[in-house]
Amino acid sequence: MAASQYRSGVPDNWFVDPVSLGVPGVRRPLAVEDDNPLGWQTDALCAQTDPEAFFPEKGGSTRDAKRVCTTCDVRDRCLEYALQNDERFGIWGGLSERERRKLKRRAS
């Protein structure tokens, strides 16, 4: 390789845009619309954590998963998805299965 391709030993094309790779937690510009109805999952904090926390054994603690959800930017979309798709297992949008059922009953 020619030395002119590098400045200070770094290739000119070293940068890879993490958004184009779909790296979890990396925000897309708001102006960019995503045609994928599940595109919000790319920005979900749960995608960066232990999935078992979000699907605890019966009677297991949901505390850690709910703590992650409190700071997640896509929490509302996650909850909306779970309600629309009748997700019966796991923590979605910061709510357990039981909490989502109660929410649906109140909304009816």
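In the predicted model, helix H3 (residues 75-84) packs against helix H4 (residues 97-107) at an angle of about 75°. The axes of the two helices lie 11 Å apart. H3 is therefore roughly perpendicular to H4, because angles of 65 to 115 degrees are placed in that class. On the H3 side, the residues that meet H4 are Leu79, Ala82 and Leu83; on the H4 side, their counterparts are Arg100, Leu103 and Lys104. Four residues of this contact are nonpolar and two are charged, while no polar residue takes part.

The two helices belong to a chain with four helices and two strands. Read along the sequence, these elements follow the pattern β-β-α-α-α-α. The chain has 108 residues, of which 19% count as buried. Its accessible surface comes to about 8300 Å², and carbon and sulfur atoms account for 52% of this area. When contacts between residues at least 6 apart in sequence are considered, 34% of them join residues at least 24 apart.

The largest nonpolar core consists of seven residues, namely Trp40, Ala44, Cys72, Val74, Cys78, Ala82 and Trp92. Ala82 is thus named twice, as a member of this core and as one of the H3 residues that meet H4. Within the core, Trp40 touches Val74, Cys78 and Trp92. The contacts of Trp40 also include Arg77 and Tyr81; residues up to four places away in sequence are not counted here.

Tyr81 lies in helix H3. Apart from residues up to four places away in sequence, Tyr81 touches Leu38, Trp40, Glu87 and Trp92. Two of these partners, Trp40 and Trp92, are members of the largest nonpolar core. Tyr81 and Trp92 are separated by 11 residues in sequence, and their C-alpha atoms are 8.3 Å apart in space.

The loop between H3 and H4 contains Glu87 and Asp86. Glu87 has a relative accessible area of 25% and is therefore classed as partly exposed. With residues up to four places away in sequence set aside, Glu87 touches Tyr81, Ala82, Trp92 and Arg100. Among these partners, Ala82 and Arg100 also appear in the contact of H3 with H4. Glu87 and Arg101 are 14 residues apart in sequence and 9.9 Å apart in space, C-alpha to C-alpha. Asp86, for its part, has a positive phi of about 50°, although this residue is not a glycine. The relative accessible area of Asp86 is 36%, so this residue too is partly exposed.

A further loop, between helix H1 (18-21) and helix H2 (63-70), holds Thr49. Because its relative accessibility is 32%, Thr49 counts as partly exposed; this class lies between the limits of 20% for buried and 50% for exposed residues. Leaving aside neighbours within four places in sequence, Thr49 is in contact with Phe54 and Val68. Thr49 and Val68 are 19 residues apart in sequence, and the distance between their C-alpha atoms is 8.6 Å.

Conventions. Residues are numbered from 1 along each chain as its sequence is written. This is a predicted model: local features need pLDDT of at least 70, side-chain atom pairs count only at pLDDT 80 or more; totals for chains, interfaces and linings use all residues. Side-chain values use heavy atoms; hydrogens and water are left out. Axes are lines fitted to C-alpha atoms, for helices over the stretch in contact, and angles run from 0 to 180 degrees between N-to-C directions. Angles under 35 degrees count as roughly parallel, over 145 as roughly antiparallel, 65 to 115 as roughly perpendicular and the rest as oblique. Contact means heavy atoms within 4.5 Å. Ala, Val, Leu, Ile, Met, Phe, Trp, Tyr, Cys and Pro count as nonpolar, Asp, Glu, Lys and Arg as charged, and the others, Gly among them, as polar. A nonpolar core is a set of buried Ala, Val, Leu, Ile, Met, Phe, Trp, Tyr and Cys residues joined through side-chain atoms within 4.5 Å. Buried means under 20% relative accessible area, exposed over 50%, partly exposed in between (1.4 Å probe, protein chains only). Accessible areas come from the Shrake-Rupley method with a 1.4 Å probe; for residues, only the protein chains shown count as cover.
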